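Colleague: I am new to this one, and I would like to understand the words people use for it. Could you show it to me and let me ask about the reasons behind the labels?

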Amino acid sequence: MASKPLTAFFILYSFLGYIPSFGVILRTTDKIVWANEFQPVELTCLIESISTNNPRIEWKKIKNGIPSYVYFQNKISEHRAQLIQPANLLILNTSRSDTAEYRCEVAAIDDHKHFDEILISLAVRVKPVVPRCSVPLAVTVGTSSELRCLENEGFPASQYRWFRNNEELPQDPKSSLKFLNSTYTINSDTGSLKFRRVRKEDAGEYFCQAKNEAGNAQCPAQPMEVYDVDIVGIFLKALAGLAGFIIVMFGIYHAHKHGCFSSGKDHTGTNYKLPAQDNGVDYTEADEGHFRHKSSFII
Ligand SMILES: *[C@@H]1O[C@H](CO)[C@@H](O)[C@H](O)[C@H]1NC(C)=O
Ligand SMILES: *[C@@H]1O[C@H](CO)[C@@H](O)[C@H](O)[C@H]1NC(C)=O
């Protein structure tokens, strides 16, 4: 009902060749923009409607809540950037420090609505650097083992993949016939590769790759050797140790006995124990300690 007179009003104005501008209106093609570091990127600030001839255009960068001028009084404050018609901001060589919010502001004094602004968020992707990898040189069959891989430059944060002898380890070993019996788990967010129980077949040259949308990097391959527990060797060593122990004990027993006899003979009673027994005890301790050390090292 009310629209009829309004339409008539517009038609009348159109006939007269004059359409009133209601003000400046901005638009952008992307409110969230991703760019790769060292590549150019254009933030669009399109003017949909305006009737002022020389609008005032400003670009501000807002990082951690603090605004700073990028384009102000027809000057660009950043040598890597340009203003492109009508009001787009072109950054020629983005750097990781450009990740921020950018606000395009247009003031048009001759327009009824004489101000508009638009906020664009820019995120600059950064390639991963070569990750630091740690691979244990030697592990024993049946024990657990963890291989680690990490880099901190990539943005967004890198995802990690592990390779053995140039072949990628599937995320789930059960998904591949070749890795079916392996007990590893991969955490692709943290870069950890954990074996619950290492098998002989897990030995090989390992490397890891860090990857994100901007690129990837990998560490050099490092060997991991897997050793069997030498059961026969341990048994023989234990047996030799036990035999040695018995011989020493036998020796002490004899020495002691001998000492007793001699003390019985000369009645001095002060020095008879010291030389023989102390020597004997020393030997026992040394041998026992040696044996214990050896066995704990192997097992
Ligand atoms: C971009 O900037 C980096 C340093 O920030 C520089 O090393 C590189 O040469 C620049 N690239 C171009 C194309 O200007
Ligand atoms: C996995 O283990 C099973 C049973 O021990 C064996 O038969 C099979 O050959 C193994 N597969 C691989 C790929 O080692």
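What follows is a short conversation about labels and the values behind them.

Modeller: Happy to help! Please keep in mind that this is a predicted model.

Colleague: Let us begin with the rings. How many aromatic pairs does a search of the whole structure find?

Modeller: The search finds six aromatic pairs.

Colleague: Why is the pair of Tyr69 and Phe72 called stacked?

Modeller: Their ring centres are 3.9 Å apart, and ring centres within 6.5 Å count as a pair. The planes of Tyr69 and Phe72 stand at 25°, and planes under 30 degrees apart count as stacked. So the pair of Tyr69 and Phe72 is stacked.

Colleague: Are these two rings buried, exposed or partly exposed?

Modeller: Tyr69 has a relative accessible area of 37%, and Phe72 has 31%. Partly exposed lies between the 20% limit for buried and the 50% limit for exposed, so Tyr69 and Phe72 are each partly exposed.

Colleague: What makes Phe163 and Phe207 a stacked pair?

Modeller: Here the centres are 4.7 Å apart and the planes are at 10°. Those values fall within 6.5 Å and under 30 degrees, so this pair is stacked too.

Colleague: Why can one say that this pair ties together parts that are apart in sequence?

Modeller: Phe163 belongs to strand E15 (residues 159-164), while Phe207 belongs to strand E19 (residues 204-212), so the pair links parts that are 44 residues apart in sequence.

Colleague: How do you know whether Phe163 and Phe207 are buried or exposed?

Modeller: Phe163 has a relative accessible area of 11% and Phe207 has 8%. Buried means under 20%, so both Phe163 and Phe207 are buried. Strand E19 also holds Cys208, which is buried with a relative accessible area of 0%. Cys208 and Ala221 are 13 residues apart in sequence, with their C-alpha atoms 7.9 Å apart.

Colleague: And which residues form one aromatic cluster?

Modeller: Phe179, Tyr184, Phe195 and Tyr206 form one.

Colleague: Now the strands. What makes E3 and E8 edge strands?

Modeller: They belong to an open sheet of three strands in the order E3-E9-E8, with antiparallel pairing. Strand E3 (41-43) and strand E8 (81-84) each have a single partner strand, so one side of each lacks a neighbour in the sheet. From one strand to the next, the twist averages 25°.

Colleague: How do you know that E3 and E9 pair?

Modeller: Three bridges join E3 to strand E9 (residues 88-91), and pairing needs at least two bridges, so these strands pair. Glu42 has Leu90 in E9 as its bridge partner.

Colleague: How does strand E11 pair with E2 and E10?

Modeller: Strand E2 (residues 32-36) runs parallel to E11 (residues 115-125), joined by five bridges, and Trp34 stands opposite Ala123 there. Strand E10 (residues 100-107) pairs with E11 in the antiparallel sense over eight bridges, with Glu101 opposite Ser121.

Colleague: Why is Ile32 called exposed?

Modeller: Ile32, in strand E2, has a relative accessible area of 60%. Exposed means over 50%, so Ile32 is exposed. Together with Trp34 and Phe155, Ile32 forms a nonpolar patch on the surface, with about 310 Å² of accessible area.

Definitions and conventions
Residues numbered from 1 in each chain as written. Chains lettered and ligands numbered in written order. Predicted model: local features only at pLDDT ≥ 70, side-chain atom pairs only at ≥ 80, totals over all residues. Heavy atoms only, no water. Phe/Tyr/Trp six-rings, centres within 6.5 Å; stacked < 30°, edge-to-face > 60°. Buried < 20%, exposed > 50% of the residue type's maximum accessible area, 1.4 Å probe, protein only. Helix = DSSP H or I, 4+ residues; strand = E, 2+ residues; numbered from the N terminus. Patch = residues over 30% accessible without salt bridge, like charges linked within 9 Å, V, L, I, M, F, W, Y side chains within 5 Å. Areas by Shrake-Rupley, 256 points an atom, 1.4 Å probe, with all protein chains shown as cover. Salt bridge = Lys/Arg side-chain N within 4 Å of Asp/Glu carboxyl O. Axes fitted to C-alpha atoms, helices over the stretch in contact; angles between N-to-C directions.
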